[in-house]
Amino acid sequence: MTDPRFQSTQPFSDDPAISPEEAEAAAAANEADALAAAENLQAEVQALTAKVADLTDQALRAQAEAQNARRRADDDIAKIRKFAVEGFAESLLPVIDSLDSALKVDNASAEQLREGTEATLRQLLSALERQQVVEVNPPAGAKFDPGTQQAISVVPSEQEANTVVAVLQKGYTIADRVLRPALVTVAAAK
């Protein structure tokens, strides 16, 4: 048996078992097979070329969509930053109105001024609460919390060590994050 790569497509004409008509028919069959194989390969190349074009188009569309999504997200973030304080500012407007009204009163008594100031402070604290700003004002004797409080000094006291003796300045948190720690004095160890 010989290697088919080295076989001629033309049968040997001096082979007595094959007639010239058979040789011609075999050559025509070989040529038809080669032509069919070439057509199949050409069709396969065209199909693969079309698939590559389709996948390239899909990739370009996906890339464009990703860029559009990124641009929309950037625009949304810019709008959020720009208007983030809108709700907070809106909740402070009644406080401004109260202060304006208080300033229009010419001959207010000390008692009226105090009542108006207390009412305005309540409005302000309510506005802050709506924005999740919570006061940190630990009572005397409460355990010192370094997460929300800052010890200004340690003083001798009858209280248990590391407890709050006095609050010098209230602190505030916003959504469980310290905005400003409460300034406190702490009881010293005995």
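Asp 176 is exposed in this predicted model, with a relative accessible area of 80%, which places the residue over the 50% cut-off used for that word. Asp 176 sits in the loop that joins strand S4 (171-174) to strand S5 (177-180), and its backbone takes a positive phi of about 65° although the residue is not a glycine.

The two strands on either side of that loop pair with each other in the antiparallel sense, over three bridges, and within this pairing Thr 173 stands opposite Val 178 in S5. In general terms, the strands of a sheet pair through backbone hydrogen bonds, and may do so in a parallel or an antiparallel manner. Here S4 and S5 belong to an open sheet of three strands, in which the order is S1-S4-S5 and the pairing is antiparallel. Strand S1 (133-136) and S5 form the edges of this sheet, each of them pairing on one side only, while the twist from one strand to the next averages 35°.

A second positive phi is found at Asn 162, where the angle is about 60° although this residue, too, is not a glycine. Asn 162 lies in the loop between strand S2 (149-155) and strand S3 (164-169). With a relative accessible area of 44%, Asn 162 is partly exposed, because that value falls between the 20% and 50% limits.

From the loops the reader may turn to the interior, bearing in mind that in soluble globular proteins nonpolar side chains tend to be buried together. The largest nonpolar core of the model is made of five residues, namely Val 136, Val 164, Ala 182, Val 184 and Val 186. Strand S6 (residues 182-187) provides the largest share of this core, with three residues. For Val 184, a member of the core, the contacts beyond its neighbours within four places in sequence include Val 164, which is also a core residue. Apart from that partner, and with the same neighbours left aside, Val 184 is in contact with a series of residues that includes Gln 149, Gln 150, Ala 151, Ile 152 and Ser 153, and also with Ala 166, Val 167 and Leu 168, as well as with Pro 138 and Phe 144.

A buried position of another kind of residue is found in helix H2 (residues 86-104), which contains Ser 91. Ser 91 counts as buried because its relative accessible area is 7%, under the 20% cut-off. Once residues up to four places away in sequence are set aside, Ser 91 touches Ala 127, Arg 130 and Gln 131.

Terms used: Residues are numbered from 1 along each chain as its sequence is written. This is a predicted model: local features need pLDDT of at least 70, side-chain atom pairs count only at pLDDT 80 or more; totals for chains, interfaces and linings use all residues. Side-chain values use heavy atoms; hydrogens and water are left out. A nonpolar core is a set of buried Ala, Val, Leu, Ile, Met, Phe, Trp, Tyr and Cys residues joined through side-chain atoms within 4.5 Å. Buried means under 20% relative accessible area, exposed over 50%, partly exposed in between (1.4 Å probe, protein chains only). Helices (H or I, at least four residues) and strands (E, at least two) are DSSP runs, numbered from the N terminus. Contact means heavy atoms within 4.5 Å. Two strands pair if DSSP finds at least two bridges between them. Axes are lines fitted to C-alpha atoms, for helices over the stretch in contact, and angles run from 0 to 180 degrees between N-to-C directions.
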